[in-house]
Amino acid sequence: MSWFRRNKPESGPAMNVAGSAQAPTVPAPAPAAAANGASSAFLATMMDYPLTLQHVYNRARRLFPNREIVTATADGYERSTYGETFARVERLAGAIQALGVQRGDRVGTLAWNSTRHYELYFAIPCMGAVLHTLNLRLPASQLGFIIQDAADSVIFVDADLVPLLRGVKDSLGSVRHIVVMNGPVPDDVEGLPPVHDYEALLAAAPATFAWPELDEREPAAMCYTSGTTGNPKGVVYSHRSSFLHAFSVTQVDTVGLCERDTSFPLVPMFHVNAWGLPHAAAMVGSKLVFPGKFMDPTHTAQTIADEKVTLAAGVPTLWIGLLQVLDRRSDFDLSSLERIVCGGSAVPASLVRGLDAKGLTIIQAWGMTEMSPIGTVSRLKSSLQSLPFDDQVTYRAKQGIPVTGVDLRIVSLDTGEEAPWDGETFGEIQVRGPWITGSYYHGDNEEMGASKFADGWFRTGDVATIDADGYITIVDRTKDVIKSGGEWISSVQEEGLIMGNPMVLEAAVIGMPHPKWSERPVAVIVPKPEYKDTITKEDIIRHLEPQVAKFWLPDEVIFVDALAKTSVGKFDKKVMREQLKDQVHFEE
Ligand code: ADP
């Protein structure tokens, strides 16, 4: 069955999540019957206008031609506008078609965040192909697996990343062409499919392109889960889901992206479509700034100051790093930065406070690849805004309330019943909504996670509580939660508390097997450089003792220079657990 057909509903009512039909497709009664007050439901006759990225593209090109798009480079900044960029998108679509790409074909990108990558974000889906962003930090085995699994037809690659493709050349069977995006075609391309120069292809392509009429349910993009907890799994986003998710990013009570913003996605464009920011930016016409490969905290501060960024987005470690730079240097003017959107891992309360003290506001969001990714955002409801500062921080360190469009429930790990909204009972988060996947690419067989879908809900694998106001607090991933003597310990909460110690830069808490208690927590800590030689286990225990139950206190505290991180900058507990196996042996 072809890609295109598989993603179209076979028949019957439209499905938005596995097994759950949308509004019942009751046949519309004759107008006369409706007018007579007949009780059966009838369907409204609003236009069935497709929600596609073509609309976003056309609108931005028409309405915001002069709004800037900027990419940081080694020599400064490369400047363009929506007008110029989207004119190139039209040429690019022709160039891609000339390479033989057809509707539904997957087109890979292996690239830093840049204006050219942005061009592909529109050219590929708007011509009916599927934008498949490849994670440049994956080990070769996973990168190769993903390219093969998606059967990418063409791969666009940044010049400095060509060696990564060389490293997986045995997995490029489906790849007919490689296009180098920003520099001359390197010499050493032997064994690779034909390699082309991006600008040469563009120059040779016609200025206009006959855009196809797309069904909103056609695939627009795909990402693979970063495989923190197993093999990467493909998730395919439709035009409709991408459109609605981007729309959500523009809601005032979520990210609130708007035309007046200068947005700065530090979150890689290969990490769940940079959390929807690139498409949302065009939707509203915000200025866009891309970091290129310059993502270290000093460059980040410099770019925010230079370009007067108002909204930046990225995982917590980036902001922990920025805070360190700001502690050392006071010469960056970051006064333009109104908000930092942060997710991917829990935002420790100490980070909220630390940034606040520098006049910076961090807004936490939670989600995942399967959710496009945004599911919740932590903004203070009006009733919470008069709380004392400390209590406000407590709420801001929660993951927030479900955004419009996402239904969310917590299901008890013990009883399998829906948990009350009491802020205490915890269970697995389950979600459903128009930008949550109904299945993985390549089907729902057991290996691919059939058990992740239950009664029309997606089982996230995240454990959380939900309070009476609807704010969720992530306790853990089901795989990381620590069970000690029959009681649960939240590694995420414990990490957050440890990171509140002023001597600590980063901390991870891992459950290690224990013959008596089943598991006991072990803290792995990176001290701030100035405390490297003086910090002790007792400092950590003394700091935690007043804040947690005794059984939460870590049995072992190990100080290290750096924590293992995943390809998207999260603590890699799978790796840490392996490392600790040789180091930690509990006895009864
Ligand atoms: P992977 O699942 O492969 O790590 P994702 O980027 O999709 O890739 O990660 C999603 C996971 O990240 C979520 O399931 C959750 O465990 C974690 N996560 C995302 N946002 C937050 C957050 N704000 N707080 C705590 N955990 C988060």
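**Exercise 1. The second largest cavity**

Work out how the lining of the second largest cavity in this predicted model splits into nonpolar, polar and charged residues.

*Solution.* Start with the list: Tyr237, Ser242, His245, Ala246, Asn273, Gly276, His279 and Ser372 form the lining. Now sort them, remembering that Gly goes with the polar group. You should land on two nonpolar, six polar and no charged residues. Next, ask which element gives the largest share of this lining. That's helix 9 (residues 239–249), with three residues. As for volume, the second largest cavity holds about 60 Å³ of space.

**Exercise 2. The largest cavity**

Find how many cavities of 30 Å³ or more the model has, then describe the largest.

*Solution.* The count of cavities at that cut-off is four. The largest of them has a volume of about 110 Å³. Its lining takes in 14 residues, and those closest to the centre are Asn135, Tyr224, Thr225, Ser226 and Phe270. Sorted by class, the lining of the largest cavity has seven nonpolar and seven polar residues, with no charged ones.

**Exercise 3. A cis bond and a positive phi**

Locate the cis peptide bond at Pro373 and the positive phi at Lys308.

*Solution.* First, a bit of background: most residues other than glycine have a negative phi, and most peptide bonds are trans. Go to Ser372, which you met in the lining of the second largest cavity. A cis peptide bond links Ser372 to Pro373, with omega at about 10°. Pro373 sits in the loop between strand 16 (362–367) and strand 17 (374–377). Then move to Lys308, which isn't a glycine yet has a positive phi of about 55°. You'll find Lys308 in the loop between helix 12 (297–307) and strand 14 (311–314).

**Exercise 4. Helix 5 and two of its contacts**

Describe how helix 5 packs with helix 4, and then with helix 11.

*Solution.* Two packed helices are described by the angle between their axes and the distance between the axes. Let's take helix 4 first.

1. Helix 4 (residues 82–98) and helix 5 (residues 115–126) pack at about 60°, and their axes are 8 Å apart.
2. Angles of 65 to 115 degrees count as roughly perpendicular, so this pair falls outside that range and is oblique.
3. The crossing of helix 4 past helix 5 is right-handed.
4. On the helix 4 side, the contact residues include Phe86, Val89 and Leu92; on the helix 5 side, they include Tyr118, Leu120 and Phe122.
5. By class, this contact has eleven nonpolar, two polar and three charged residues.

Now turn to helix 11 (residues 277–284).

1. The axes of helix 5 and helix 11 come within 11 Å and cross at roughly 80°.
2. That angle makes helix 5 roughly perpendicular to helix 11.
3. Tyr118, Tyr121 and Phe122 of helix 5 meet Pro278, His279, Ala281 and Ala282 of helix 11.
4. This contact has six nonpolar residues, one polar and no charged ones.

**Exercise 5. Helix 16 and helix 17**

Decide how helix 16 and helix 17 are oriented to each other: oblique or roughly perpendicular?

*Solution.* Helix 16 (residues 491–498) packs with helix 17 (residues 537–544) at about 110°, with the axes 10 Å apart. The range 65 to 115 degrees counts as roughly perpendicular, so that's the answer for this pair. Glu494, Leu497 and Ile498 of helix 16 make the contact with Ile540, His543 and Leu544 of helix 17. Sort those by class and you get four nonpolar, one polar and one charged.

Note on methods: Residues are numbered from 1 along each chain as its sequence is written. This is a predicted model: local features need pLDDT of at least 70, side-chain atom pairs count only at pLDDT 80 or more; totals for chains, interfaces and linings use all residues. Side-chain values use heavy atoms; hydrogens and water are left out. On a 1 Å grid over the protein atoms alone, a cavity is a set of points where a 1.4 Å probe fits but cannot get out, and a pocket is an open set with protein on both sides within 12 Å along at least five of seven lines; lining residues have an atom within 4 Å of a point. Grid points are joined across faces, edges and corners, and a volume is the space filled by probe spheres set on the points. Helices (H or I, at least four residues) and strands (E, at least two) are DSSP runs, numbered from the N terminus. Axes are lines fitted to C-alpha atoms, for helices over the stretch in contact, and angles run from 0 to 180 degrees between N-to-C directions. Angles under 35 degrees count as roughly parallel, over 145 as roughly antiparallel, 65 to 115 as roughly perpendicular and the rest as oblique. A crossing is left-handed if the near helix is turned anticlockwise from the far one by less than a right angle, and right-handed if clockwise. Contact means heavy atoms within 4.5 Å.
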